[in-house]
There are 2 protein chains.
Amino acid sequence: MTETRPQDPRPLQGMRIGFAGLGLMGRPMALHLLEAGADLCVWNRSRDVAEHLLRPGMQVCDTPADLGRASAIVVLMVADTHAVDQVLFGNQGLAQGLDAGDLVVDMGTTSVMATRDFAGRLSQAGVDFVDAPVSGGEIGAVDASLTIMAGGDDAVIARARPLFDVLGRQFTHVGAVGAGQVAKAANQIIVGLNIGAVAEALALVMAAGVDPRKVRQALLGGFAGSRILEVHGQRMIDATFQAGARISTQYKDMRQASELGELLGQPLPATRLSMSLFGQLIEQGDGDLDHSALIRVLRQADD
Amino acid sequence: MTETRPQDPRPLQGMRIGFAGLGLMGRPMALHLLEAGADLCVWNRSRDVAEHLLRPGMQVCDTPADLGRASAIVVLMVADTHAVDQVLFGNQGLAQGLDAGDLVVDMGTTSVMATRDFAGRLSQAGVDFVDAPVSGGEIGAVDASLTIMAGGDDAVIARARPLFDVLGRQFTHVGAVGAGQVAKAANQIIVGLNIGAVAEALALVMAAGVDPRKVRQALLGGFAGSRILEVHGQRMIDATFQAGARISTQYKDMRQASELGELLGQPLPATRLSMSLFGQLIEQGDGDLDHSALIRVLRQADD
């Protein structure tokens with residue numbers, strides 16, 4: 001069910017919330033939780049990032065275990081599946097600090113199989129788990145306009161829901177634990193391949209000497225219309241490739257989706273081709289550019 | 001410039017308009033022109049289709065040359081580039097019947113290079129030419145909600161504009177002759193590749209045992225959102241593959257785009273991959289299904 005966010009002043013008042021991972025997206029998300037009234041503890045691998053963010057109502061924890069002790073609900077927004085594993089089960093990990101009845105909400109993009117494994121291991125200690133990855137990027141995190149796709153039991157999702165209402169604009173409970181990550185994998189496949197579609201189309205238009213601005217405009221209203229044509233098509237035309245969402249992240253997420261496909265025996269031929277194109281950009285040192293820079297692979301062939 | 005259609009009662013009153021090609025899209029388009037007041041002549045390769053459509057204010061012509069003699073503006077909506085060539089320059093072709101100052105408007109999907117050639121040959125007889133291919137399919141033709149992308153000189157486009165206002169909802173003058181066909185090629189690349197993107201994403205979701213309805217819903221609001229996810233994603237979930245737009249047409253249009261890429265030295269790797277997948281469906285006899293049936297290539301690999 002997709003629902004819109006209700007308006008409410010400090011809906012997280014008095015809730016003991018922990019936040020691990022204060023990167024580009026994590027920082028504004030943590031601040032939104034604080035503004036919504038949470039009693040907030042934060043942890044970051046590089047402690048100085050957390051100290052820098054510190055403000056009234058917020059504490060910095062030394063370890064994930066300390067974060068677990070201080071919190072009833074812990075949000076994870078760390079780099080990748082390996083980092084989630086380390087934060088949960090590494091030395092001084094969250095699992096050591098959490099009590100039965102506590103809840104972990106992983107909002108990063110994590111492998112589906114690992115997600116199911118993490119949830120199973122936590123449940124042995126009575127700790128609940130929700131995967132709730134997001135779409136919308138840094139802008140969505142700053143504007144609290146993220147699209148959130150969650151996996152987990154109804155009752156557990158209901159406990160995490162006030163946080164989602166603060167952080168996002170659209171929320172969907174997709175299914176059981178892992179289903180949120182499956183939806184995110186689908187999201188990243190569509191985003192990556194549609195960027196490739198728009199890139200090939202606009203590269204052809206440019207090669208034919210036709211104005212890509214007019215073509216983008218003409219196509220937006222029809223079946224070729226999409227958020228990617230609108231936003232990333234414009235970036236390709238302007239050739240402004242400041243991320244946005246990084247090629248390296250797009251590649252990582254598609255590789256994770258591709259690995260899930262392999263495990264399930266599901267062929268994903270276009271995803272593989274797209275990964276090889278994004279991979280070329282990473283090899284030539286463009287991994288930090290916005291994913292719309294995929295068009296460079298196609299255009300440079302003309303040089 | 002994209003503009004919306006003004007409301008006007010019989011804006012084509014007294015205009016001598018010819019229409020060649022009474023297929024699924026051509027029939028409703030011709031009738032819209034008639035209803036808008038045109039003095040309409042029609043021609044179709046199989047004459048009985050034209051006879052069947054006949055109604056007050058409409059005449060059936062025996063040959064394209066007759067159609068040219070009866071009309072000041074002739075709209076072409078025939079099957080492919082070869083058919084356009086035949087209708088224009090074949091035996092008893094349009095070119096034999098048209099006078100200097102008359103105008104040909106090709107609204108089908110025709111090769112860019114051939115379009116420029118046809119326009120050049122007609123101009124030697126003082127006949128003007130506009131390429132104005134459309135997006136929106138049979139539904140768009142019936143509802144007069146087509147997206148029209150046109151190439152040609154300003155003054156010539158201006159003469160054709162009243163027809164476009166009757167037939168479509170969005171009109172863009174993309175550039176010189178051929179630019180409309182370049183935009184249509186871009187459109188078909190994006191549509192074909194985004195269908196492939198949605199197909200791989202939903203095939204993975206189904207393989208993972210997650211409800212594709214919920215994933216589609218979750219993704220529609222974010223960067224993965226598109227008309228294709230909305231419309232074709234639903235068709236894939238329902239597994240209803242009645243065209244819509246046929247796989248055989250999608251393949252033909254992408255092949256034409258791919259050939260343009262080859263001529264211009266513009267690599268289109270994802271377009272080539274997509275053509276091979278659509279090609280597999282045509283080989284197994286599914287060419288008349290809707291292009292959303294691409295998901296069958298991916299799903300049957302599980303069988």
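Start with both chains on screen: a rotation of 180° with 0.0 Å of shift along its axis lays chain A over chain B, at an RMSD of 0.0 Å (least-squares superposition on the C-alpha atoms of residues with pLDDT of at least 70 in both copies). That is the relation of a two-fold axis. To find the axis in chain A, select S226(A): its C-alpha is the nearest one, 2.0 Å away.

Some housekeeping before moving on. This is a predicted model, in which local features need pLDDT of at least 70 and side-chain atom pairs count only at pLDDT 80 or more, while totals for chains, interfaces and linings use all residues. Residues are numbered from 1 along each chain as its sequence is written, chains are lettered from A and ligands numbered from 1 in the order in which they are written, and side-chain values use heavy atoms, with hydrogens and water left out.

**Stop 1: the interface**

Select the residues of each chain that are in contact with the other (heavy atoms within 4.5 Å). You should get 65 residues from chain A and 65 residues from chain B. Of the interface residues of chain A, 100% are also interface residues in chain B, so the copies meet through the same surface.

How much area is buried between chain A and chain B? About 5,300 Å², with carbon and sulfur atoms giving 70%; buried area here is the accessible area (1.4 Å probe) that two parts lose on being put together, summed over both. Show I190(A), L204(A) and F223(A) as sticks: in chain A these lose the most area to chain B, together 16% of what that side buries.

Now try the polar side of things. The salt-bridge rule (a side-chain nitrogen of Lys or Arg within 4 Å of a carboxyl oxygen of Asp or Glu) finds 0 across the interface of chain A and chain B. Polar contacts do turn up, in 12 residue pairs between the two chains, both residues at pLDDT 80 or more. A polar contact is a pair of N or O atoms within 3.5 Å; within protein, one must be able to donate a hydrogen and the other to accept it, and residues adjacent in sequence count only if both atoms are side-chain atoms.

Next, colour chain A by secondary structure (DSSP runs numbered from the N terminus: helices are H or I, at least four residues, and strands are E, at least two). Elements that each supply at least two residues to the side touching chain B include strand 9 (146-151), strand 10 (168-175) and helix 9 (179-207). Further along, helix 10 (212-220), helix 11 (227-238), helix 12 (247-264) and helix 13 (269-283) do so too. Helix 9 of chain A gives the most, with 20 residues. By class, this side of chain A has 40 nonpolar, 20 polar and 5 charged residues. In that scheme Ala, Val, Leu, Ile, Met, Phe, Trp, Tyr, Cys and Pro count as nonpolar, Asp, Glu, Lys and Arg as charged, and the others, Gly among them, as polar.

**Stop 2: inside helix 9**

Stay on helix 9 of chain A and pick A185(A). At 10% relative accessibility, A185(A) counts as buried (buried is under 20% relative accessible area, exposed over 50%, partly exposed in between, with a 1.4 Å probe and protein chains only). Leaving aside neighbours within four places in sequence, A185(A) is in contact with A257(A) and, from the other chain, L204(B). Draw a distance to S258(A) as well: the two C-alpha atoms are 8.7 Å apart, with these positions 73 residues apart along the chain.

**Stop 3: S135(B)**

Swap to chain B and select S135(B), in strand 8 (residues 134-135). S135(B) is buried, at a relative accessible area of 6%. Which residues does S135(B) touch, not counting those up to four places away in sequence? From chain A, G222(A) and F223(A); from chain B, L146(B), T147(B), M149(B) and N187(B).

**Stop 4: helix 1**

Back in chain A, select helix 1 (residues 26-35), where 8 of the 10 residues are buried. Among them are P28(A), M29(A), L31(A) and L33(A). After this helix comes G37(A), with a positive phi near 105°.

**Stop 5: backbone oddities**

In the loop between helix 11 and helix 12 of chain A, go to G244(A). A cis peptide bond joins A243(A) and G244(A), with omega about 25°. Chain B has a cis peptide bond between A243(B) and G244(B), again with omega about 25°.

Finish with two residues in chain B. A239(B), in the loop between helix 11 and helix 12, has a positive phi of about 55° although it is not a glycine; A239(B) is partly exposed, at 47% relative accessible area. Q92(B) sits in the loop between helix 4 (81-89) and helix 5 (94-97), and its phi is positive, near 55°. Q92(B) is partly exposed too, at 31%.
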